Amino acid sequence: MHPLVAVILSYVSGSIPAAYLAGKWGGVDLRAEGSGNLGATNVLRVMGPRVGMLVFAVDIAKGAVPVWFLPPLTRTSGDVLTWIAVACGVAAILGHIRPVLLGFSKGGKGVATACGVFLALAPLQALLSLLIFVVVVLASGYVSLGSLTASFALPVLLAASIGPQSPLLFVSVLTLVFVFWTHRANIQRLRAGTEYRFGRAANFGRRPSL
């Protein structure tokens with residue numbers, strides 16, 4: 001497959017609006033409920049854990065599948081195929097954030113899709129970051145704090161294991177910047193103590209104060 005075609009298809013894959021479709025099937029417009037975000041966390045908040053986890057799995061697949069369909073990769077920093085895979089991963093994340101299938105309107109924050117990309121590119125480091133995410137969420141109750149912590153941990157793990165010259169480290173730092181940028185409001189609510197806390201059943205299906 002031509003690299004440009006692979007990147008375009010990766011963007012289209014990332015653009016599949018799983019949260020929007022789940023809301024439509026459930027008779028809910030998630031852009032007007034909860035946080036208004038088309039990500040798995042808002043699905044969890046509005047529609048409950050079963051649908052939320054399904055959307056989370058689909059969002060991970062949107063990032064992993066395009067990268068997995070590329071030929072086997074090496075970890076050499078100058079390897080062309082590695083850079084193509086990185087470009088496909090970035091395209092999938094951008095597709096999730098600004099989905100073409102929704103007219104480039106605001107999508108999700110890209111965390112789950114980025115997780116899928118790195119599960120394909122650097123599975124061990126991604127799994128460790130995912131474990132950190134789970135531990136932080138269970139300990140604190142804040143999904144946003146788990147996302148921020150895991151996104152920070154990933155480039156540290158990559159730098160320690162594969163070195164500072166890898167394109168995977170570059171895209172992980174880029175992803176870190178994206179995650180912190182898209183979580184600006186969450187960071188403010190964390191500081192104010194008003195962030196939505198996972199596990200409070202009374203909050204499901206109810207629009208939180210923003």
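Start with the surface of the whole protein chain: it exposes about 10400 Å², and carbon and sulfur atoms supply 70% of that area (Shrake-Rupley method, 1.4 Å probe). This is a predicted model, in which local features need pLDDT of at least 70, side-chain atom pairs count only at pLDDT 80 or more, and totals for chains, interfaces and linings use all residues. Residues are numbered from 1 along each chain as its sequence is written, and side-chain values use heavy atoms, with hydrogens and water left out.

Next, switch to a cartoon view. The protein chain has 10 helices and 0 strands (DSSP runs, H or I of at least four residues for helices and E of at least two for strands, numbered from the N terminus). Of its 210 residues, 47% count as buried (under 20% relative accessible area, 1.4 Å probe, protein chains only).

Now select residues 18-25, helix H2. Which residues are buried here? They are Ala18, Ala19, Tyr20, Ala22 and Gly23. Add helix H3 (40-47) and helix H4 (49-68) to your selection, and you will see what the buried residues of H2 pack against. Just after H2, stop at Gly27, where phi is positive at about 75 degrees.

Then move on to helix H6 (residues 111-121) and helix H7 (residues 123-140), whose axes come within 6 Å and cross at roughly 140 degrees. That is why H6 counts as oblique to H7. Show side chains: Cys115, Phe118, Leu119, Ala120 and Leu121 in H6 meet Pro123, Ala126, Leu127 and Leu130 in H7 (contact means heavy atoms within 4.5 Å).

Technical notes
Buried < 20%, exposed > 50% of the residue type's maximum accessible area, 1.4 Å probe, protein only. Axes fitted to C-alpha atoms, helices over the stretch in contact; angles between N-to-C directions. Parallel < 35°, antiparallel > 145°, perpendicular 65-115°, else oblique.
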